[in-house]
Amino acid sequence: MGGYFDELETRDAEERAEWLTIALPTAIGRAKTAPALARLLRNVEPDDIRDRTALAELPIIRKSDLTDAQKKNPPFGGFATRLATEFDDIFQSPGPIYEPGRRDADWWRLGRFLHACGVGRGDIVQNCFAYHLTPAGMMFESGARAVDATVLPAGTGQTDLQVRAAADIGTTVYAGTPDFLKLILERADELGEALSFTRACVAGGALFPSLRQYYTDRGIRTLQCYATADLGNIAYESDAMDGMIVDEGVLVEIVRPGTGDPVPDGEVGEVVVTTLNPDYPLVRFATGDLSAVLPGTSPCGRTNMRIKGWMGRADQTTKIKGMFVRPEQVASFVARHPEIIRARVIADREGEMDTMIVQIESPRDAEAEYSASIIATLKMRGRVQIVAPDSLANDGVVIEDRRKYD
């Protein structure tokens, strides 16, 4: 495939600025029809918000704001412009936090990314994102349908079955977290099966250079996108692989963490996103992720802002194995066991796979019991290390990321 997904991708600066004078007031006006946003923006006149400077004067919304609002007004906390029954799907992400979804018109905008990956009619996408509770599976399925590709809704795990399906069906595209494809390929080698993957569209974790090279050496072109359950596609790679291009359905700001003030281009700060989705119009939503603006435009010809990609977290919330682990989840685990003095989650790598170690200060040798609680509260398995009381640093760190991204 060649070309662009649509003409929006190649607009010049003047066209984008003119578009913004219409798109922003429209988005703010629509947002004010959602009860929670109407309260937050009660003193804001939509027609006054016509550029990024005006947008930067509006308050920041954080994930914790959504969580708190949803507890009082489930399921969406008053941040959606439709009733829950007017959506096609309701998803639950860790927290828990609930997100709406619709199945028409590429609602999460992943089609643009898949097109940039060269996916289209004639391809079969083995979608290895989760379909259970969280929206990732449906997000990528919607994107695949937007580019007329066929989908195998494979979901996560079950490596032998994944190999069998890929071999029998002849799937050409992998969609999933960066490291799971390696498990499928290695198992296929063990079973003597030749697979037909030529492209991989990945998200939900860091794509390390060594892993990308491993796929390249096997004839698989691998590109990544930056997407969330709340916002859909935020930015994506193209064949140029020179930063990540911001999606046409969002506005991205890079701000100084804790202030909401935009930082100069090139300076690392927190990613704040305003989505133009009329059904779920989050305004200045702080992702907690760190990135920086890249100057200029992509060599591929797409003209929207570029960011460097994911550069870590502005807070201690960390993505491990494609799932967020939050400090409040660690606190919930500790609360289950009064004898625990302190706990620390450590994200690391072994080979090309994410690992999670949970260090626990406790007088009890209760590894099995703690392991079960970790699965219940953090939603994934981790290796337990019971350490002596007062051996962990008293520095307030509950989630430590030891992975290297360079």
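**Contacts, sheet and helix in a predicted chain**

Leaving aside residues up to four places away in sequence, Asn127 touches Gly137, Phe140, Glu141, Val151, Leu152, Pro153, Ala154, Gly155 and Ala175. The model in which these contacts appear is a predicted one. Asn127 belongs to strand β4, which covers residues 124-127, and its relative accessible area is 1%, so that Asn127 counts as buried, the cut-off being under 20%.

Among the residues that Asn127 touches are Gly137, Phe140 and Glu141, and these three also appear among the buried residues of helix α6. This helix, formed by residues 136-146, is mostly covered, since 8 of its 11 residues are buried. The buried residues are Gly137, Met138, Met139, Phe140, Glu141, Ser142, Gly143 and Ala144. In general, an α-helix has 3.6 residues a turn, so residues three or four places apart point the same way. Just after α6, the backbone at Asp148 takes a positive phi of about 65°.

A contrasting degree of cover is found at Phe5, which lies in the segment before α1 (13-31). The relative accessibility of Phe5 is 29%, and Phe5 therefore counts as partly exposed. When residues up to four places away in sequence are not counted, Phe5 touches Asp106, Gly111, Arg112, His115 and Val147. A further pair, Phe5 and Phe113, is separated by 108 residues in sequence, while the C-alpha atoms of the two residues are 8.7 Å apart in space.

Attention now turns to an open sheet of 4 strands, in which the order is β1-β13-β12-β11 and the pairing is mixed. The edges of this sheet are formed by β1 and β11 (250-255), each of which has a single partner strand, so one side of each is left without a neighbour in the sheet. In general, the strands of a sheet pair through backbone hydrogen bonds, and the pairing may be either parallel or antiparallel. Here, strand β1 (residues 61-62) runs parallel to β13 and is joined to it by 2 bridges, whereas strand β12 (residues 269-275) pairs with β13 in the antiparallel sense over 4 bridges. Phe285 of β13 has a residue opposite it in each of these strands, namely Ile61 and Val273.

Strand β13 itself comprises residues 285-291, and 7 of its 7 residues are buried, so the strand is largely enclosed by the rest of the structure. Phe285, Thr287, Asp289 and Ser291 point one way from the strand, while Ala286, Gly288 and Leu290 point the other way, and all of them are buried.

At the level of the whole chain, there are 11 helices and 21 strands. The radius of gyration is 22 Å, close to the 22 Å that the globule rule gives for 406 residues, so the chain is as compact as a globular protein of that length. Its C-alpha atoms fill a box of roughly 65 × 50 × 45 Å along the principal axes, and 53% of the 406 residues count as buried. Of the contacts between residues at least 6 apart in sequence, 62% join residues at least 24 apart. The chain exposes about 17,500 Å², of which carbon and sulfur atoms supply 51%. With regard to charge, the chain carries 46 positive and 60 negative charges, and the mean positions of the two sets are 3 Å apart.

Key. Residues are numbered from 1 along each chain as its sequence is written. This is a predicted model: local features need pLDDT of at least 70, side-chain atom pairs count only at pLDDT 80 or more; totals for chains, interfaces and linings use all residues. Side-chain values use heavy atoms; hydrogens and water are left out. The radius of gyration is taken over C-alpha atoms; the globule rule is 2.2 Å times the number of residues to the power 0.38. Buried means under 20% relative accessible area, exposed over 50%, partly exposed in between (1.4 Å probe, protein chains only). Contact means heavy atoms within 4.5 Å. Accessible areas come from the Shrake-Rupley method with a 1.4 Å probe; for residues, only the protein chains shown count as cover. Lys and Arg count as positive and Asp and Glu as negative; His and the chain ends are not counted. The place of a charge is taken as NZ of Lys, CZ of Arg, CG of Asp or CD of Glu. Two strands pair if DSSP finds at least two bridges between them.
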